[in-house]
Amino acid sequence: MYRFTDYYHNKVTLSFDDHPFSRNPKHVWVICTYKNKWLLTRHKERGLEFPGGKVEENESAREAAIREVKEETGGSIEKIRYLGQYTVAGKGGTIIKNVYFAEIKDLAVQKTYYETEGPIELSHIPKNVKRNKQYSFIMKDDVLKHCMAYIRKKR
Ligand code: GTP
């Protein structure tokens, strides 16, 4: 279990156990690869981030992950694997988010990318994400670092 604070000083708890905080988390985040690159999206307000969002009614977290990747990048998923779960305790309450690792098989151009500007392919995630204004706050805490290390170890 890892504990740290996020960009806004909210308390974050991250674990790579099997759904340690909730069986039905309401948020998902998907670390995506496409043709040996990382696949991100550019959120219109927050900036560059891996795709994700909220689980809708009558949808599982995994279904939400697949849907969000499609909506925000146009990507179709070849393989998706649960990685871990984290909680963020904010002023408005605590959110619980599943993290997945997904391999994308193709990118189809979408009519809309919702609140994002669509797919962004990157060969490397820079070291200075925490200080880089282009990146979203959700990329700026140690969830990213620990998940990337976990992916490197388990892949
Ligand atoms: P809407 O209901 O769509 O307006 O969204 P919201 O801004 O209320 O956000 P949401 O319910 O998605 O999240 C509530 C709060 O949790 C956000 O304002 C963030 O502070 C925090 N949060 C959500 N996702 C993450 C995340 O991945 N990392 C961190 N550190 N905080 C997050």
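This section describes the overall fold, the surface and the C-terminal helix of a predicted model.

The protein contains 2 helices and 9 strands. Read from the N terminus, these elements follow the order β-β-β-β-β-β-α-β-β-β-α. The C-alpha trace extends over about 40 × 35 × 35 Å along the principal axes of the protein. For a chain of 155 residues, a compact globule would be expected to have a radius of gyration near 15 Å, and the value of 14 Å for the protein therefore agrees with that expectation. Contacts between residues at least 6 apart in sequence were also examined; of these, 67% join residues at least 24 apart.

Burial and charge were considered next. Of the 155 residues, 53% count as buried. The accessible surface of the protein amounts to about 8800 Å², and carbon and sulfur atoms contribute 46% of this area. The protein carries 29 positive and 20 negative side chains, with a separation of 7 Å between the centres of the two sets.

Helix α2 comprises 13 residues, 142–154. At 1.5 Å a residue, a span of 18 Å is expected for α2, and because its end C-alpha atoms lie 18 Å apart, the model agrees with this value. The buried residues of α2 are D142, V143, L144, H146, C147, M148, Y150 and I151. In an α-helix, residues three or four places apart point the same way, as there are 3.6 residues a turn. The buried residues of α2 pack against strands β1 (2–5), β2 (11–15), β3 (27–34) and β4 (37–43), as well as against β7 (75–90) and β8 (93–107).

How values were computed: Residues are numbered from 1 along each chain as its sequence is written. This is a predicted model: local features need pLDDT of at least 70, side-chain atom pairs count only at pLDDT 80 or more; totals for chains, interfaces and linings use all residues. Side-chain values use heavy atoms; hydrogens and water are left out. Helices (H or I, at least four residues) and strands (E, at least two) are DSSP runs, numbered from the N terminus. The radius of gyration is taken over C-alpha atoms; the globule rule is 2.2 Å times the number of residues to the power 0.38. Buried means under 20% relative accessible area, exposed over 50%, partly exposed in between (1.4 Å probe, protein chains only). Contact means heavy atoms within 4.5 Å. Accessible areas come from the Shrake-Rupley method with a 1.4 Å probe; for residues, only the protein chains shown count as cover. Lys and Arg count as positive and Asp and Glu as negative; His and the chain ends are not counted. The place of a charge is taken as NZ of Lys, CZ of Arg, CG of Asp or CD of Glu. The expected span of a helix is 1.5 Å times one less than its number of residues.
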